[in-house]
Amino acid sequence: MTSPHPALLLPYLLEHTPATAAQPGGVALHRVRLTVGDGPDGRTTWPVRCRGITFDLPHATGASATSDEPIVLRTRLDLPRGPGRGRQWLVETTTTDPAATLLTLTPADPALFDGTWALTLTLDISTPIGAESRVTEDTALGDDSPQRRAGNAHLTTAHDTR
């Protein structure tokens with residue numbers, strides 16, 4: 001999904017690289033890249049002020065984690081430095097639901113997406129992710145008051161770039 005869901009102001013791209021065979025004694029990890037703010041199709045109205053984004057990533061059908069098996073999770077956040085980019089982003093993960101993983105991204109200062117930069121979160125996870133994820137954003141156009149908006153984003157398959 002590169003253009004925003006009609007209810008969302010920001011564009012999202014969710015790409016999945018399936019896990020490869022694990023090394024002996026290791027765990028095979030699926031890679032998910034979540035890109036926010038890269039809207040090449042021109043549908044997004046800029047600027048968009050953002051106070052936070054939540055991704056509800058359901059596990060693939062039949063892949064729910066058992067309560068005695070922890071989810072292996074690693075995250076890496078990439079964004080260019082500069083004014084209006086949120087200064088520092090906190091990434092919180094919740095894995096208590098056996099059917100989904102919840103990621104919350106919160107900037108220390110509201111971020112101003114203007115179409116010239118994007119935020120990318122790379123997630124390595126042991127449980128495969130379902131094809132559609134729920135996105136909730138606290139956003140506003142320009143100087144309007146931020147509002148909570150929700151929509152869906154579809155996962156696409158990416159080529160392995162590890």
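What share of the contacts in the chain with a separation of 6 or more comes from residues 24 or more positions apart? Residues that far apart account for 71% of those contacts. Bear in mind that this is a predicted model. Here are my notes.

1. **Overall make-up.** The chain has 10 strands and zero helices. Reading from the N terminus, you go β-β-β-β-β-β-β-β-β-β.

2. **Inside and outside.** Of the 162 residues in the chain, 40% are buried. The exposed area of the chain comes to about 8500 Å², with carbon and sulfur atoms supplying 48% of it.

3. **L123.** Have a look at L123 in strand β8, which covers residues 119-125. With a relative accessibility of 0%, L123 falls under the 20% cut-off and therefore counts as buried. Setting aside neighbours within four places in sequence, L123 touches H30, R31, V32, L57, L73, R74, T75 and L103. H30 is a nice one to pick out: 93 residues separate L123 and H30 in sequence, yet their C-alpha atoms are 8.0 Å apart in space.

4. **R31, a buried arginine.** One of the residues in contact with L123 is R31, and R31 sits in strand β2 (residues 30-36). R31 has 16% relative accessibility, so it also lands on the buried side of the 20% cut-off. What does the side chain of R31 make a polar contact with? The partner is the side chain of D124, at 2.7 Å.

5. **A cis bond at P47.** The peptide bond running from W46 to P47 is cis, and its omega is near -5°. P47 itself belongs to the loop between β2 and β3, the latter being residues 48-58.

6. **R87 and its backbone.** R87 is not a glycine, but its phi is positive, at about 60°. You'll find R87 in the loop that links β4 (73-78) and β5 (89-94). Is R87 buried or exposed? R87 counts as exposed because its relative accessibility of 59% is over the 50% cut-off.

7. **The largest pocket.** R87 turns up again here, as one of the residues lining the largest pocket. The rest of the lining is L77, L79, P80, R81, G82, R85, G86, Q88 and W89. By class, that lining splits into four nonpolar, three polar and three charged residues. The space in this pocket is about 220 Å³.

Conventions. Residues are numbered from 1 along each chain as its sequence is written. This is a predicted model: local features need pLDDT of at least 70, side-chain atom pairs count only at pLDDT 80 or more; totals for chains, interfaces and linings use all residues. Side-chain values use heavy atoms; hydrogens and water are left out. Helices (H or I, at least four residues) and strands (E, at least two) are DSSP runs, numbered from the N terminus. Buried means under 20% relative accessible area, exposed over 50%, partly exposed in between (1.4 Å probe, protein chains only). Contact means heavy atoms within 4.5 Å. Accessible areas come from the Shrake-Rupley method with a 1.4 Å probe; for residues, only the protein chains shown count as cover. On a 1 Å grid over the protein atoms alone, a cavity is a set of points where a 1.4 Å probe fits but cannot get out, and a pocket is an open set with protein on both sides within 12 Å along at least five of seven lines; lining residues have an atom within 4 Å of a point. Grid points are joined across faces, edges and corners, and a volume is the space filled by probe spheres set on the points. Ala, Val, Leu, Ile, Met, Phe, Trp, Tyr, Cys and Pro count as nonpolar, Asp, Glu, Lys and Arg as charged, and the others, Gly among them, as polar. A polar contact is a pair of N or O atoms within 3.5 Å; within protein, one must be able to donate a hydrogen and the other to accept it, and residues adjacent in sequence count only if both atoms are side-chain atoms.
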